[in-house]
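Colleague: I am new to this structure and would be grateful for a close look at a single part of it. Please begin with one residue and work outward to its surroundings.

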Amino acid sequence: MEEKVSTARVALKYGVLGSVVIMIFTTIINVAGLSQNKILSSLSFVFMIVAIVLSMKDFREQNKGFMSYGEGLGLGTLVSAVMGLLSSAFTMFYIQFIDNTLLTQGMDKVRSDMEAKGMDDSQIDQAMELSQRFMSPGVVFAMGVFMYILTGFIISLIVAAIVRKEKPVFE
């Protein structure tokens, strides 16, 4: 009897590897003071895409060259969930113990963006008050995990369709 490759094991491997890369990259960006740069900040999603693609290719190789669409979608979503949990936990640790000014810098950037759009002070104050409610550590962590999973799911929909290779029915 042949042993089936576990999607959870592959997802854990690539989720942890991707998270470590993102943690190192995020730390470098934060230390360099470039955390507000949207282009550099969005590179973490490139790392997620690479981790998802590599995990699906690895799974397919270990599974005798076959991977169904559902297996790929589940694998990619699991990879993004692991990455979301670990990266969000690291971000919360970083904000709580290393640099607690990151949230303040983000809020200052939001305020300056609103001022640049020409919003009046009362609108800005109201929006900032609402935004402040969502800046608690628990909400930031939960939103980070949710966004990683959602983004990873969408990426996995596309990548699984490309990487999949179904087993022949009559084999």
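Modeller: Tyr 94 is a suitable starting point: the residue is buried, its relative accessible area being 5% (buried is under 20%, exposed over 50% and partly exposed in between, with a 1.4 Å probe and protein chains only). The model is predicted, and local features need pLDDT of at least 70, side-chain atom pairs count only at pLDDT 80 or more, and totals for chains, interfaces and linings use all residues. Residues are numbered from 1 along each chain as its sequence is written, and side-chain values use heavy atoms, with hydrogens and water left out.

The ring of Tyr 94 leads to the aromatic pairs, of which the whole structure holds 4 (ring centres of Phe, Tyr or Trp, the last by its six-membered ring, lie within 6.5 Å; planes under 30 degrees apart are stacked, over 60 edge-to-face, the rest tilted). Tyr 94 and Phe 90 form a tilted pair, because their planes meet at 45°, with the ring centres 6.0 Å apart. Phe 90 is likewise buried, at 19% relative accessible area. The two residues are 4 places apart in helix H3, and therefore about one helical turn separates them (helices are DSSP runs of H or I, at least four residues, numbered from the N terminus). Another tilted pair is that of Phe 93 and Phe 97, with 5.2 Å from centre to centre and 45° between the planes. Phe 93 and Phe 97 also belong to helix H3, where they too are 4 residues, or about one turn, apart. Their surroundings can be read from their accessibility: Phe 93 is partly exposed, at 43%, and Phe 97 is exposed, at 64%.

Ser 87 is another residue of helix H3. Its relative accessibility is 5%, which means that it counts as buried. Apart from neighbours within four places in sequence, Ser 87 has contacts with Ser 19, Ile 22, Met 23 and Tyr 148 (a contact is heavy atoms within 4.5 Å).

Helix H3 also takes part in the largest pocket (an open set of points on a 1 Å grid over the protein atoms alone, where a 1.4 Å probe fits, with protein on both sides within 12 Å along at least five of seven lines; lining residues have an atom within 4 Å of a point). The lining of this pocket comprises 35 residues, and those nearest its centre are Ser 35, Ser 41, Thr 91, Ile 95 and Val 140. At least two lining residues come from each of helix H1 (7-31), helix H2 (38-62), helix H3 (69-98), helix H4 (102-116) and helix H6 (137-163). H3 contributes the most to this lining, with 7 residues.

Ser 35, one of the residues nearest the pocket centre, sits in the loop between H1 and H2. Its relative accessible area is 17%, so Ser 35 is buried. If neighbours within four places in sequence are set aside, Ser 35 contacts Ile 29, Asn 30, Ser 41, Leu 102 and Gln 105. Among these, Leu 102 is 67 residues from Ser 35 along the chain, while the C-alpha atoms of the two are 8.1 Å apart.

The next feature is the largest nonpolar core (buried Ala, Val, Leu, Ile, Met, Phe, Trp, Tyr and Cys residues joined through side-chain atoms within 4.5 Å). It has 19 residues, and Ile 52, Met 56, Leu 75, Val 79 and Met 83 touch the most other members. H1, H2, H3 and H6 each provide at least two residues of this core. With neighbours within four places in sequence left aside, Ile 52 has contacts with Gly 76, Val 79, Gly 152, Ile 155, Ser 156 and Val 159.

Two loop residues complete the view. Lys 64 belongs to the loop between H2 and H3, and it has a positive phi of about 60° although it is not a glycine. Lys 64 is exposed, at 57% relative accessible area. Met 119, in turn, is in the loop between H4 and helix H5 (121-133). Met 119 is partly exposed, at 29%, and its contacts, with residues up to four places away in sequence not counted, are Met 114 and Ile 124.
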